[in-house]
Every structure is written in structure tokens, then in C-alpha cells.
Amino acid sequence: MTGPYRFPGLGLRRLVLAALVLSTALGGAILMLGILGSGGLTLLELVILGLFVPTFGWIVIPFWVSIVGFLLLLARRDPNSLARVGPAVEPRRSLTARTAIAIPVFDERPDEVAARVSAMLDSLAGTGEAAAFDVHLLSDSRDASVAILEERAVERIRARHPSARLHYRRRSVNAGRKAGNIAEFTARCRDAYDFMVVLDADSLMDGPTLVGLARRMEDDPDVGLIQTPTGMIRARSLFSRLLQFAGAVHGPVLAAGQAFWQGPEANYFGHNAIVRMEAFERDARLPVLPGEPPLGGEVLSHDFVEAALLRRAGWRVVLDPSLTASWEELPESFPAYARRDRRWAQGSLQHLRLLRLDGLRGVSRIHFVSGAMAYLSSPLWLGILLAGTAYVFLPALSGSPLVRDVPVGAPGGLSLLAVTAVVLFLPKALGVLLTLLRDAPRFGGAPRLIGSALLETALSVALAPVLMIHHSMFVAQIAAGRSVGWNPRDPGRDPIRMRDAVRITWPAWTLGVAWTIATLVVSPVFALWLSPILVGLVLAPVLVAATSGVRSGRRVRRAGLLTVPSEVAPPTEVAAVEGALSSDPGAPVGVLASIGGGAQGAAGTREGVMYNAERALFDLKRGRTLRVRDQAGLPHAPGDVLAIAVEELDTSRLDEFRRRSGGPATLVVTAHRARFLGWCTEAEAGPATAISIPLAPSASAGAIRALAMDPDDDAADAVQGSVADPHSSSSLALARLGRMLPAVVTAPVDPASAALAAALRAGAILEVSTDEVCRYVEAARSEIVRVSEAPVPIPGAEASTFVLFRDASGLEEHVAVLVGDRAAWPTPVPIRLHSACLTGDLFGSLRCDCGEQLQGSMDYFAARGCGILLYLAQEGRGIGLGNKFRAYSLQETGLDTIDADGHLGFGADERDYQIAISMLRDLGVDAVEVLTNNPEKVAALEAGGISVVRRQPLFGHLNRHNLPYVKAKAERAGHWLRDMLSQPVRGSRVAGD
């Protein structure tokens, strides 16, 4: 779009739409009046009619809005200007205005916020307009530990984006909540910026959309606010995937219809929008309602009011559906969704008190009423259903008409039922039809799209009565004077146990059971009519529990259902966030994270206490039992455990282990595997990365191994884990350090055990403390020793030197290949961080592109006459060769490389590049041109103080074997491989350059 927004024929549009809505609502009212009886109306029938008319009129509005939106999108017409939509052509001129990207945060997860900010900064840099934007993180966090993490996250972003202007401020008093946070920022910075893009902590936009918003504001000086439609991303549970799919299919139709009639009086969602800074600060100041909460005091739902106040001051407020690269994340469970709705319900009912505010436009008042009706419609529907039940149960109530001789025939309930069904479900059908016509492949293809639509409709219908009860309770609580606070956003990612689901939904469940029994006794036919409502209420706990948690969403995704374009072909920014959150290079990772870090200053110590840990790892790899205690040299203390690695577990070793132990055994696995299979909730795990799983006394070695590594073990469905104790975590950390299968069996120590005492005397069991393990692991992460070096001429680079480094654990050796004369190296020097890949580097495996990348980097160095190859002993993204082969076997079952690693208990990338940073420092290198497609390598180098001046992409060739691997790295890990994926797929042999 260029130039000001245009809304031709807006008055006529609104008139036609209003006529359609009113005529349809009137038709429904006439049908209901006919059903209630042509001989007159009783008091109960008048109540039913009075409840039905506003409720039916409410659902008619989105019905016609969706039809209009469908027709506009089908005809490819812009809903604002009604002009035919053509290829987007943005002006080439540079932005002249300054724009602030304001992101209020309140006890959010800093790593997730940082990932989104970093992705947006990368995307902005690609537009060439990054200099026109500043980012402001506006913290209201009350938790001091969260604030510390926020500050660290900001420093990491600054290290990765040194040219970006990123500002962080934490308020000491969070007056006015989010609205007050934004108001304080605008008052403080109104003269520094022309515009402000307001984002929530879970919001994401791409660079072109941010630039497009700023250009539209420059082009139309009468616009005070532009709202973008928001798509949903990164849904994990079945519940959030339902919302995500519905938003992707039906959202565009609804947005187009809304823009058609709203014109310059659109609404504001509170985020993913741009505002004119001066106008917002001056004209959108929120009133404080007289009286006490919940209906008085500060307005909770500030966004509708701010839009209305801007429009009252003469500014245009526009919804622009053409800007689609604007996203947010969703609550992952029904309870989290309902908790958010409780606050919105209070704010929306407060809006009714503002209807008489002087100077408001009529459309703004409609927005206020619509927001309130989103919640009031639930008690209205419930009232209709209960009144209808009373009408059937108590015929005497309908025997004395108060209004006689109603001149309406009785066409029967089927006609009204059919009309209501069309009104409710036609908008969904239109969204699916439009998607089938224009975008089915990006939803998994037509059959899966239709199947997904049916699944979404069925589950939405089942959940609707439960939501109706919750909304009715919210309205009742507000009417009773009960206010709600403003708590940090709860994504609700954890699976919900059935007992908790019953506790959450007991009002709906109790009402549903009683209602079902009563209707079956009085009128089975009426029970059949009510069955869509009753089934949802009776099954409320099952629905809430079954749709929560990662596992519920994974199952439908594997079936190809509820798939959306952001998963099939993730936008670069979404993929970057996914990749950043699957591996955090700025924090302790891998084995170190398993035990929470090491003792300060002890990492380099190779004497005394570290010897036991070295020997312990050796014994663990040989299948021997360890005794893990609190501190070396201390007598037995409660909590000490025996531990043995699952990788070497067999029947004889397990029997011996049980004879020596003093209690029930547990399987200790990584939190990666526990969360992946739904064995432990995110809240239960917290920051811990080791989870304990109780084992049955009769569990065999084979069953334990299956539980530790099989992807679809039947016994896994009944598993429930808890955070592992420090002793068990330490033994798991040793197994991970040794690149073993990340699983150990532990059991409490019985100091009176004769078998244990004999084994200790004979030296058959080694004792190691958690402190010793912690220091050993920390040393292995970062300490290196230069062992030797020698000139090694290689083809194309005869002046090459190989330098061998060994880490402090003595386990791994890493090689730096120095190409060219070091005295003549340029700044920056080209480098490649290459993780060893036996199958690809030595044998040319077709499953990956590692060998080609290795050869490509050496060719690049030879052509430049200089360079450094850091050949790192991090086989299989840091999981070791044995686990890499296990992952390969799992990939044969249909898993991609990331899910295969996840099933074994590893993250998407277990590599730690601190060793590479130490090697570069030893070589005197502090500025580099890095050859990589991996954003995490760039981030890790910059976080470690190595300046990445340039990045050089490095591609191999696609073949049918490595295509899934490359796709997973691009789409799920955020690697920069789009250009490689655009290549044609070659045959079973990889041709050379």
C-alpha cells in the first residue's frame, strides 16, 4: 500500500451489513416466537424469548461479517479500499521517522523473550531499515531472580547484535500494570520517537511488516493506530493446536469482514500494532472509573478504550489485513485460557460504564458492547437452556398465557435448529472452503485439511459448554463484586492430571451429570436435543486433561492433523525462535546443566577431588556401580545413592545392584526425554534437567532399557516423574559427559547392607561426591591444554599446521587446522567450527551434508590462502557416536533428527562451543569470518567475546537421504538453509562440485 488509507462507500457498507444482521435476527426471533406457541405466551416463554433475541442477534453478526470477508478474499479485494489486490510493491525510499518497538514484560521467561527479540532484529537487519528502529524492553517483573535473568538476556542480545539499539528498563513500582508501563514510556520518550510498535512478550513480527507499518504511518498522517491481524504460532498441546488451526483457517476471513465495515474506526488488540507516539500519549490517556473494582478503578482491558479515545480525538484507527507476518503465542491448556479470559471479562464489563463517555463514535460504542457480549452471551445461553429445561420439566408453567392471540404460526423447532446451525457453522465452512481453493498444500493437503477441520469443529463444540459455564461464573463473580488481579502470563504448558481436571471443571461436570440424569428421566427426547451440551459438560474433565500437554499435540501432528503453514514452511523468524529455544549457547548446557553448574574457581583443578570423578566415569562406562555421596570423606548421610548406567545394564548387573542397594530403584533420565514423553510437567521440572522415574521391583534390565530409549514403549504411558536429587543428577551428568545413553538407575544406600560393605572393602564400588562431579564437569566444559602441533601439507594448502588440544577431562581431543602463514592472516580470519562426523567426513554418508561442508570449508581456505578449521570432537551434535547410531535407527521409524535425539533424552543440539572459543583465544584470534549456516554458532562466538564480522554460508547438495535432515535443521532448528532447500534433489549419489 502507498498513500493514505481509503474507505469508499463506508456508510453504504455499514447500512447493508446492518440490514442483513437485523433481518436475520428478526427472522430467528419470529421462528422462536412461533415455536413458543401461537395461542399466547406464558411468563416462562417470555423469559425464553427475551433471552433468545439478544443471544441469537449476537451470533448473527460474525455470521454476516464472515460471509463478507469470504467474498472479499475470494475476489481478491482489499477490505479497506475495495481495490483489487495485486503483488505488494513497497516504496524504495528510506524511512525518515524514528520508531520504538516497546515490549512490556512481567515475570516472563527471559530466554523466550530474548529469542523473539533476536529474531526480529535479524529480520530488520535484512530490510536495510534497522537504523530507524529502537527496541525497548519495559520490565514490570516483581521476581528478582527473573529480573537478573532479564538483564543477562539483554546483554546476550547486545553481544549478538552490537549495532542494534536495545534499551532495558525495570520499573520499581508497576503502577497501572501493562497500560501504565506503556503510558510511562510514552510520557518519557514521546519526543524521541514518531511511532511506537507495541508488542506483547509473546509477540513476533518480521522485519518487512515492521517497516511496512512505519511506512504506512508516514504515508497517512491522519492515522493514529494500525492494528495487524495476529496469527498463532508454536502451539504444542492439542488445545492450543485447535486454536492455532482455527485462527489460521478462519481468522483471515473474519479479519477481512471486520475491516470492511469498521473502516477508520477499527479496534485495538493491545499488541502487534503501531501507534503515533504523540497522539497516543496525548489523546489515549485512560480514565479511572469511579467506585471500587471489579467495575470501578483502573480499566483492565485498556486496548478497546485507547482505540476509542484516539478515534474521539479525530485519529484514524485502522485494521490492515494485508500485514500477515504478525504472530503471537497461545495458552496451552483450557485452564490457562480461562484464567486469561477472567481478566478480560472484568475489563470488558467495565467498558459498559464508558458507553456514555462524551464524544465517542458510534462504532466505538459498538466495540464496547461487543466486547461485553463476548462474556454476557454465555449466561444468556445458559439461561435459555435452563429455561427450556424448566419448560419441558414443568408443563404447568406454560399453561396460563400472559399474552394471548400471538399471530404467529408454529413451524417447529427443526427450522430454528437448522437456521442456528447454519449461522454457527457456515463461517467455519467458508474458511475451510477458501483454504481448500487457495492454500491447501500448506495445511498438509486437502484430505488432512478437511480432517483437521472436522476434528477442530468436534472438539470446539464439545469444549464450548465448558467455556460457557466458566464465562457465566466469571460474570456472576464480577456482579458479586469479586475482582481479579493481574498475574504473570501463564502459558499452561504442563499436562493436566485427571484429578486436577476434575477440580478445575467440577461446576460444569456436576451440572452436566445432574442435568443429564434429570432429562433422561423426564424426557429422553429432550435429552437427545440437549446432547451436544450435555456431552461436553459430562466429559469436561476428560476434555481438559486430554487436550493439555505436549504429548496430546504431538499425536495429532504425527497424524498430519491441525497442521498450519507456520509448521509446514516456517517463516524465518519463527524458525529462528524455535532454534534459539532448542539450544541456549549463552547458558550452561549439556552435562553441566544436569547438576546446575560447578563450584566457582574449581574448574581448573586437576588434583585431589577430581581424581575420583575421573575414575567414576571410567567405572560407569564399564558397567560398574558407583556410590554417590554429598561430600568426599564424610560418613554416610541420608540421600546417598548407588548408581549404574543403563547403557551397560544386563540381568546379572541389575541383580547385583539390587542386592547392594537399600531401597526401591529409580530410572534417572534427562528432562528433555521426560518432557518429550509427558513424564514430567514443566512446572515440576523447573530449572532441573534430571528427572527420576520409579521402577517396579520386578522391572527387568530389558524393560528399563526400553523405558530409557524406546520411542513408543507401552509402559511409558503410565510413567510419572519428579525432579531427581543432586546425587542422582550427578551420576546422570557423568553419563552424559561420557557420551553414553543419558540414563542411569539409582537406589538409596543402606549403610547396614553387608553386600555393600563387602564391595566397598574390596574396591568393587567407587565412592564419588557430587562436588567432585560438579568440578570435573565444569573443567571439561571450558579448560583446554595445547598438546602438540606439526606442519601437515594438504592438497591445495601445503602451508598448513595441525594443532592438537585436549580438554581438562582428558576425554576428548580437538584439532585446529591452520591454513596459510599465520603472520599474514587478515582480520577477520576465516574460520569453520566443524563437529566431527565419522560417517560423513570419512565415509561420505548421504544422510548428512557434513563431509561436503568440511571439504567446502577447506576449499574456501585454500582459495583465500588462510583460515582456521576447528575440528571438534562433538560427534552427533554432542551426543557421541553410539547415541548417533541409535538416533539413526530411530529416524528409520519416521522421526526426524531432532525428535530422534529428543526420544533418547537429548536437546536439539547438545554442543557447547566454549571449547572452540578457548581454542581461538589460545591462537590469538578475536575477530572472525565464520563459515556456517547455524545461528547458534554465531551467537556462541559473540557471547564468548569473539567478534563475528561476517558470515559465509556453506552448502552441500540435496539428495533423498539428507533432505529430511536438512529440512529439520532449517525448519525446526532455525539454520540458514533456505537456499540449499531450493536446490533440486539429486539421485542417490552426491556429485562433486
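**Exercise 1. Work out how the span of helix H13 compares with the expected one, and where H13 kinks.**

Solution. Keep in mind that this is a predicted model.
- Step 1: H13 runs over residues 446-479, which makes 34 residues.
- Step 2: At 1.5 Å a residue you'd expect 50 Å, and the first and last C-alpha atoms of H13 are 47 Å apart, close to that value.
- Step 3: Now look for a bend. There's a kink of about 30° at Ala464, shortly before the proline Pro465.
- Step 4: Carry on past the end of the helix. Gly481, just after H13, has a positive phi of about 90°.

**Exercise 2. Put the strands of the seven-stranded open sheet in order, and find which ones stand at the edges.**

Solution.
- Step 1: Walk across the sheet and you get S4-S3-S2-S5-S9-S7-S12, with mixed pairing.
- Step 2: Check the two ends. Strand S4 (166-170) and strand S12 (316-319) each have a single partner strand, so one side of each has no neighbour in the sheet.
- Step 3: Add the twist, which averages 20° from one strand to the next.

**Exercise 3. Zoom in on S2 and S3: in which sense do they pair, and which helix lies across them?**

Solution.
- Step 1: S2 covers residues 99-105 and S3 covers residues 133-139; seven bridges join them in the parallel sense.
- Step 2: For one of these bridges, take Val105, whose partner in S3 is Ser139.
- Step 3: The helix you want is H3 (residues 110-127), which lies across both strands and runs at about 170° to S3.
- Step 4: Try the same thing at S7 (223-227) and S12. Helix H9 (residues 302-312) lies across this pair, at about 130° to S12.

**Exercise 4. Describe the largest nonpolar core, and say which element gives the most to it.**

Solution.
- Step 1: This core has 46 residues, and those touching the most other members are Ile101, Ile103, Val117, Phe133, Leu137, Leu204 and Ile274.
- Step 2: The top contributor is H3, with eight residues.
- Step 3: Follow Ile101. Beyond its neighbours within four places in sequence, its contacts include Leu124, Phe133, Val135, Val197, Leu199 and Leu210. Asp134 and His136 are on that list too.
- Step 4: Don't stop there, as another core of 44 residues lies apart from this one, with Phe245, Tyr337, Val432 and Ile469 among its members.

**Exercise 5. Step back to the whole chain: how many helices and strands are there, and what share of residues is buried?**

Solution.
- Step 1: The chain has 38 helices and 28 strands.
- Step 2: Of its 993 residues, 55% are buried.
- Step 3: Take the contacts with a separation of 6 or more: 79% of them link residues 24 or more positions apart.

Conventions:
Residues are numbered from 1 along each chain as its sequence is written. This is a predicted model: local features need pLDDT of at least 70, side-chain atom pairs count only at pLDDT 80 or more; totals for chains, interfaces and linings use all residues. Side-chain values use heavy atoms; hydrogens and water are left out. Helices (H or I, at least four residues) and strands (E, at least two) are DSSP runs, numbered from the N terminus. The expected span of a helix is 1.5 Å times one less than its number of residues. The bend at a residue is the angle between axes fitted to the seven residues ending there and the seven starting there. Two strands pair if DSSP finds at least two bridges between them. Axes are lines fitted to C-alpha atoms, for helices over the stretch in contact, and angles run from 0 to 180 degrees between N-to-C directions. Contact means heavy atoms within 4.5 Å. A nonpolar core is a set of buried Ala, Val, Leu, Ile, Met, Phe, Trp, Tyr and Cys residues joined through side-chain atoms within 4.5 Å. Buried means under 20% relative accessible area, exposed over 50%, partly exposed in between (1.4 Å probe, protein chains only).
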